[in-house]
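User: Could you take a close look at the ring contacts in this one for me? I'd like the local picture tied back to the rest of the chain.

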Amino acid sequence: MNERFGKTPELRTSDSVQLLDTTLRDGEQAPGVSLTPAQKADIARALDRAEVDYIEAGSACTGPGERETIKRVTSLGLDATVTSFARGVKNDVDLALDCDVDGITLVVPASDRHVESKVGTTREGVVETTDELVAYAKDHGLWVEVIGEDGSRAAPEFLESLARASHDAGADRFCFADTVGHTSPEHTYEVVSRLAELGPTSTHTHDDLGLAMANVHASLAAGADLVHTTVNGIGERAGNVALEEVAIALDHCYDVESVKLDELYALAQKVAQATGVSLPPNKAVVGQNAFTHESGIHTDGTLKDDAMYEPYPPETVGRERRLVLGKHAGRAGVKAALEEHGVDATDEEVAAVVERVKELGDRGKRVTDADLLAFAEDVQGRERARQVELLDLTAASGGGTPTASVRLRVEGEERVASDTGSGPVDAAVKAVREALGPDADAQLDEYHVDAITGGTDAVVTVEVTMSLGDRSVTVAASHADITRASVQAMVDALDRLLAPNHTSPTPASADD
Ligand SMILES: CC(=O)SCCNC(=O)CCNC(=O)[C@H](O)C(C)(C)COP(=O)(O)OP(=O)(O)OC[C@H]1O[C@@H](n2cnc3c(N)ncnc32)[C@H](O)[C@@H]1OP(=O)(O)O
């Protein structure tokens with residue numbers, strides 16, 4: 001817990017908070033997202049590994065395909081309680097039952113807009129249907145949470161009578177839903193306080209005003225003890241509150257355990273990959289920059305004390321700290337980066353490398369390990385024979401199987417190889433590996449493509465991070481041909497990794 005910050009605030013947050021993750025239902029409702037049965041099963045397993053209490057696997061009413069997918073999740077034998085969304089319609093409950101779920105989130109209209117204009121009923125009609133369907137679902141052995149849809153725009157007294165009717169009919173809990181993400185923490189606190197008097201209360205928040213997290217904490221302070229989340233905050237429109245943010249905030253600020261924190265990063269990456277919704281670099285907890293330090297003052301402070309510029313250690317959430325270089329770099333960071341690559345440098349040499357790093361950074365460029373090492377070689381007047389050089393590359397795709405051939409010079413000897421792949425880049429990368437044989441036993445840890453200019457004639461920059469043993473190197477290459485840029489970056493990274501690691505400081509000259 002955060003001893004560094006002293007006293008835990010006296011909020012009425014329950015000692016135990018459960019999470020219902022709805023990535024597979026509300027998360028999948030994000031425009032353009034559709035998960036295959038295998039992807040849903042894979043994400044469900046990862047959520048279960050993280051010990052999420054409830055997994056909403058989908059909406060059984062959507063169609064036969066979705067029902068097959070939900071069945072696939074329910075057949076996994078997970079520890080989590082697996083639920084399906086159901087409208088206030090008996091057939092939806094039956095369809096959920098067909099999928100062998102453990103429970104349902106029964107969504108009934110709560111605001112007059114939803115009651116009258118959408119569903120075309122009355123408040124009394126909603127209470128009556130809720131009463132019948134909760135009793136029906138409970139009779140069939142389901143865990144039932146009633147969600148009053150658009151609850152934040154509903155009349156609080158009606159929401160209370162709906163919650164009371166739900167509990168009276170046997171519902172396990174009632175959920176306050178800020179369906180359109182429009183409300184304030186104060187309103188949330190007031191309404192949830194009233195609902196929590198009536199029975200177990202959950203909260204479902206959306207981020208349209210950027211208040212999803214604030215409203216979660218207002219709900220918890222008001223007595224709610226279950227939070228609906230999605231991984232990476234994906235969901236309808238601006239999305240839902242993010243699982244990883246709720247979990248770390250509960251742990252860090254209130255010492256409340258909800259899920260296994262060290263599973264969060266792997267989970268976030270899995271969901272980003274499956275949904276195609278990439279993680280913004282500045283995303284809390286799981287964004288690329290969340291534990292990356294570039295500015296000199298921060299890097300220097302972090303090198304002196306890990307906690308200097310971090311709220312909690314990255315390992316807590318399954319991550320590692322990164323120190324990178326750019327226009328804000330200082331001597332301490334550059335010296336540490338050089339040492340990491342086995343380069344000893346005098347203070348004067350470090351200062352000269354810092355100057356080069358800043359010049360490159362000023363031009364808006366990312367400063368890679370390869371750039372740093374090239375600056376150091378230049379400043380120290382070292383000539384370095386390349387270990388691996390790309391002499392020629394031919395790649396063909398479109399129509400037949402993508403194929404690529406490469407000609408490399410490896411330690412003075414020419415080597416040629418060709419291979420096929422899922423695309424020209426894959427084929428070329430395989431051909432490089434083939435040409436290098438066991439020498440290329442390096443891992444490709446990260447591969448990132450950026451189009452620098454717009455249009456189909458764009459120059460692309462490919463940045464790769466490769467590692468061999470305990471050495472890792474980041475290299476970028478730019479070219480109008482993405483295959484060429486990819487292979488060049490990979491060859492340059494291998495060239496660095498295969499080079500002898502240690503250099504000595506330049507002997508001080510008589511003039512020094
Ligand atoms: C808060 C949320 O996130 S809501 C969840 C959103 N999820 C989904 O929409 C799941 C995917 N949806 C679907 O596949 C389809 O919309 C279906 C199969 C559910 C329904 O399809 P259709 O019968 O063609 O209806 P359609 O989508 O046009 O309209 C939705 C219907 O649900 C009704 N409905 C909406 N909410 C509720 C509710 N809480 N309780 C009861 N009925 C509801 C609407 O009144 C409308 O009924 P109507 O056709 O009689 O006016």
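Analyst: Start with Arg 319, whose charged end sits over the ring of Tyr 265, at 4.0 Å from the ring centre. Bear in mind that this is a predicted model, and side-chain atom pairs count only at pLDDT 80 or more.

Now for rings against rings. The count of aromatic pairs comes to two. One of them is Phe 291 with Tyr 312, an edge-to-face pair with 5.5 Å from centre to centre and 75 degrees between the planes. Phe 291 belongs to the loop between α10 (264–275) and β9 (292–293), while Tyr 312 belongs to the loop between α11 (296–304) and β10 (322–323), so this pair ties together parts that are 21 residues apart in sequence. How buried are the two partners? Phe 291 has 2% relative accessibility, which counts as buried because the cut-off is under 20%. Tyr 312 comes in at 11% relative accessibility and counts as buried too.

Another spot worth a look is Glu 377, a residue of helix α14, which covers residues 369–380. Is Glu 377 buried or exposed? With a relative accessible area of 11%, Glu 377 is buried. As for its company, once you leave aside neighbours within four places in sequence, Glu 377 is in contact with Arg 382, Arg 384 and Arg 496. Arg counts as positive and Glu as negative here, so those contacts pair a negative residue with positive ones. There's also Val 343 to place: its C-alpha atom is 9.4 Å from that of Glu 377, and the two residues are 34 apart along the chain.

Zooming out to charge, the protein chain carries 47 positive and 90 negative side chains, yet the centres of the two sets lie just 3 Å apart.

As for the overall fold, the protein chain has 16 helices and 16 strands, and its C-alpha atoms fill a box of roughly 90 × 60 × 40 Å along the principal axes. Of its 512 residues, 50% count as buried. Take the contacts between residues at least 6 apart in sequence: 65% of them join residues at least 24 apart. On the outside, the accessible surface of the protein chain is about 23,000 Å², with 47% of that belonging to carbon and sulfur atoms.

Technical notes:
Residues numbered from 1 in each chain as written. Predicted model: local features only at pLDDT ≥ 70, side-chain atom pairs only at ≥ 80, totals over all residues. Heavy atoms only, no water. Helix = DSSP H or I, 4+ residues; strand = E, 2+ residues; numbered from the N terminus. Buried < 20%, exposed > 50% of the residue type's maximum accessible area, 1.4 Å probe, protein only. Contact = heavy atoms within 4.5 Å. Areas by Shrake-Rupley, 256 points an atom, 1.4 Å probe, with all protein chains shown as cover. Charge placed at Lys NZ, Arg CZ, Asp CG, Glu CD. Phe/Tyr/Trp six-rings, centres within 6.5 Å; stacked < 30°, edge-to-face > 60°. Lys NZ or Arg CZ within 6 Å of the ring centre and 35° of its normal.
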